[in-house]
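Q: Please take a close look at a single part of this model and describe it in one connected account. I would like the surroundings of that part to be covered as well.

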Amino acid sequence: AEPRAIKEERRKCTHKPTYQEYTILAEAAGVETVMGEMIGRPGDYLLRGTDGELYVITPEAFKRCYNAG
């Protein structure tokens with residue numbers, strides 16, 4: 001069941017823009033993330049968050065969620 005809200009109305013919001021660094025993995029690699037160890041595959045994106053945390057993201061998810069310059 002969904003937790004009860006303080007007010008029953010639902011609001012929309014967006015994330016503030018942040019800039020993150022990324023690289024594309026050339027080979028499989030074990031990466032320690034905030035959610036435990038993840039295995040990145042060749043072609044996956046390795047992102048470093050604003051607090052230095054690491055994330056492994058598939059190319060499809062990266063293209064759907066990020067704008068790269």
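A: In this predicted model, Thr50 counts as exposed because its relative accessibility is 51%, and the cut-off for that class is over 50%. Thr50 is placed in the loop between S4 and S5, and its C-alpha atom lies 8.8 Å from that of Glu21, although 29 residues separate Thr50 and Glu21 in sequence.

The loop between strand S4 (45-48) and strand S5 (54-57) also holds Glu53. Whereas Thr50 is exposed, Glu53 is buried, and Glu53 has no salt bridge. The nearest side chain of opposite charge to Glu53 is that of Arg48, at a distance of 7.6 Å. The side chain of Glu53 does, however, make a polar contact of 3.1 Å with the side chain of Tyr55.

On the other side of S4 in sequence, the loop between strand S3 (36-40) and S4 contains Asp44. Asp44 counts as buried because its relative accessibility is 5%, and the cut-off for buried is under 20%. Like Glu53, which is buried without a salt bridge, Asp44 is buried and has none. For Asp44 the nearest side chain of opposite charge belongs to Arg41, 4.1 Å away, and a salt bridge would require a side-chain nitrogen within 4 Å of a carboxyl oxygen. A polar atom of the Asp44 side chain nevertheless lies 2.9 Å from the backbone nitrogen of Arg41. Between the C-alpha atoms of Asp44 and Cys13, which are 31 residues apart along the chain, the separation is 28 Å.

As for the wider setting, the largest pocket has a volume of about 400 Å³, and its lining is made up of 14 residues, with Thr18, Tyr19, Gln20, Cys65 and Tyr66 lying nearest the centre. At least two lining residues come from each of strand S1 (21-24) and helix H1 (59-65). Sorted by class, eight residues of this lining are nonpolar, four are polar and two are charged.

Key
Residues numbered from 1 in each chain as written. Predicted model: local features only at pLDDT ≥ 70, side-chain atom pairs only at ≥ 80, totals over all residues. Heavy atoms only, no water. 1 Å grid on protein atoms, 1.4 Å probe; cavity = no way out; pocket = protein on both sides within 12 Å on 5 of 7 lines; lining within 4 Å. Points joined across faces, edges and corners; volume = space filled by probe spheres on them. Helix = DSSP H or I, 4+ residues; strand = E, 2+ residues; numbered from the N terminus. Nonpolar A, V, L, I, M, F, W, Y, C, P; charged D, E, K, R; others polar. Buried < 20%, exposed > 50% of the residue type's maximum accessible area, 1.4 Å probe, protein only. Lys, Arg positive; Asp, Glu negative; His and termini not counted. Polar contact = N/O pair within 3.5 Å; in protein donor to acceptor, adjacent residues only side chain to side chain.
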